[in-house]
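Work through the exercises below with the model open. Each task is followed by a stepwise solution.

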Amino acid sequence: MFALRRIAVQAVSRARPLVAPRALAVGVGARRPLAASFASSAGETIRLTMTDGDGDKFEIAMVPGQRLHEAALDAGVDLECACDGEAMCSTCHCIFTEDVFDLLPEASEEEEDMLDLALGLTETSRLACQVKYQKELDKCHITLPNEVQDFY
Ligand code: FES
């Protein structure tokens, strides 16, 4: 019985790692506890909102050094982020309002290539993993498409 329980626990833990092994090795995409983030950068936290494909609205706190997909995951948004923030899928596709989109740095060629494959692409689409903290994102609203396609 004990052996069976141990096997069951191992099976569950292998089924879905909380953080990809590569992320642990290089720190890419590793999630930081939100409380720790607030403590180290009080006063620089920006807040934005995100509506997912089901119409659920999330309030997101973002701190310097953080990328949008990390902040969204910390807030409980169901972003798949299949490539763990490497711009190799389009599961973090998000849509900005035009005024905020114009304030973002231009997308890299790799990001543009992945966006071209995204479902529901718009003129103001970006990959959340490629959007870094910047104060201009404060109070902005972002929407997620109804469906995403994973090319990873
Ligand atoms: S998480 Fe894969 S492209 Fe952003």
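The chain has six helices and five strands; helices (H or I, at least four residues) and strands (E, at least two) are DSSP runs, numbered from the N terminus. This is a predicted model: local features need pLDDT of at least 70, side-chain atom pairs count only at pLDDT 80 or more, and totals for chains, interfaces and linings use all residues. Residues are numbered from 1 along each chain as its sequence is written.

**Exercise 1. Judge the confidence of the model.**

Step 1. Take the chain average. The mean pLDDT (the predictor's confidence in each residue, from 0 to 100) is 79, and 69% of the residues reach 70 or more.

Step 2. Find the weak stretch. Residues 1-41 have a pLDDT below 50. Beyond near neighbours in sequence, this stretch makes 27 contacts in the model. A contact means that two C-beta atoms, placed from the backbone, lie within 7 Å.

Step 3. Draw the consequence. Where pLDDT is low, predicted coordinates should not be read in detail.

**Exercise 2. Lay out the sheet.**

Step 1. Read the element order. From the N terminus the chain runs α-α-α-β-β-α-β-α-α-β-β.

Step 2. Order the strands. The five strands form an open sheet, β2-β1-β5-β3-β4, with mixed pairing. Two strands pair if DSSP finds at least two bridges between them.

Step 3. Mark the edges. β2 (57-62) and β4 (125-127) each pair on one side only.

Step 4. Add the twist. Neighbouring strands of this sheet are turned by 35° against each other on average, direction ignored. Here axes are lines fitted to C-alpha atoms, for helices over the stretch in contact, and angles run from 0 to 180 degrees between N-to-C directions.

Step 5. Inspect one pairing. β3 and β4 are antiparallel over three bridges. Cysteine 94 has arginine 126 of β4 as its bridge partner.

**Exercise 3. Which residues other than glycine have a positive phi in the loop between α4 and β3, and are they buried or exposed?**

Step 1. Set the scale. A residue is buried if 20 or more other C-beta atoms lie within 10 Å of its own, exposed if 12 or fewer, and partly exposed in between, with C-beta atoms placed from the backbone. Of the 152 residues of the chain, 28% count as buried.

Step 2. Take cysteine 81. Its phi is near 50°. Cysteine 81 lies in the loop between α4 (68-74) and β3 (93-96). Cysteine 81 is buried because 21 other C-beta atoms lie within 10 Å.

Step 3. Take alanine 87. Its phi is about 55°. Alanine 87 sits in the loop between α4 and β3. With 19 other C-beta atoms within 10 Å, alanine 87 is partly exposed.
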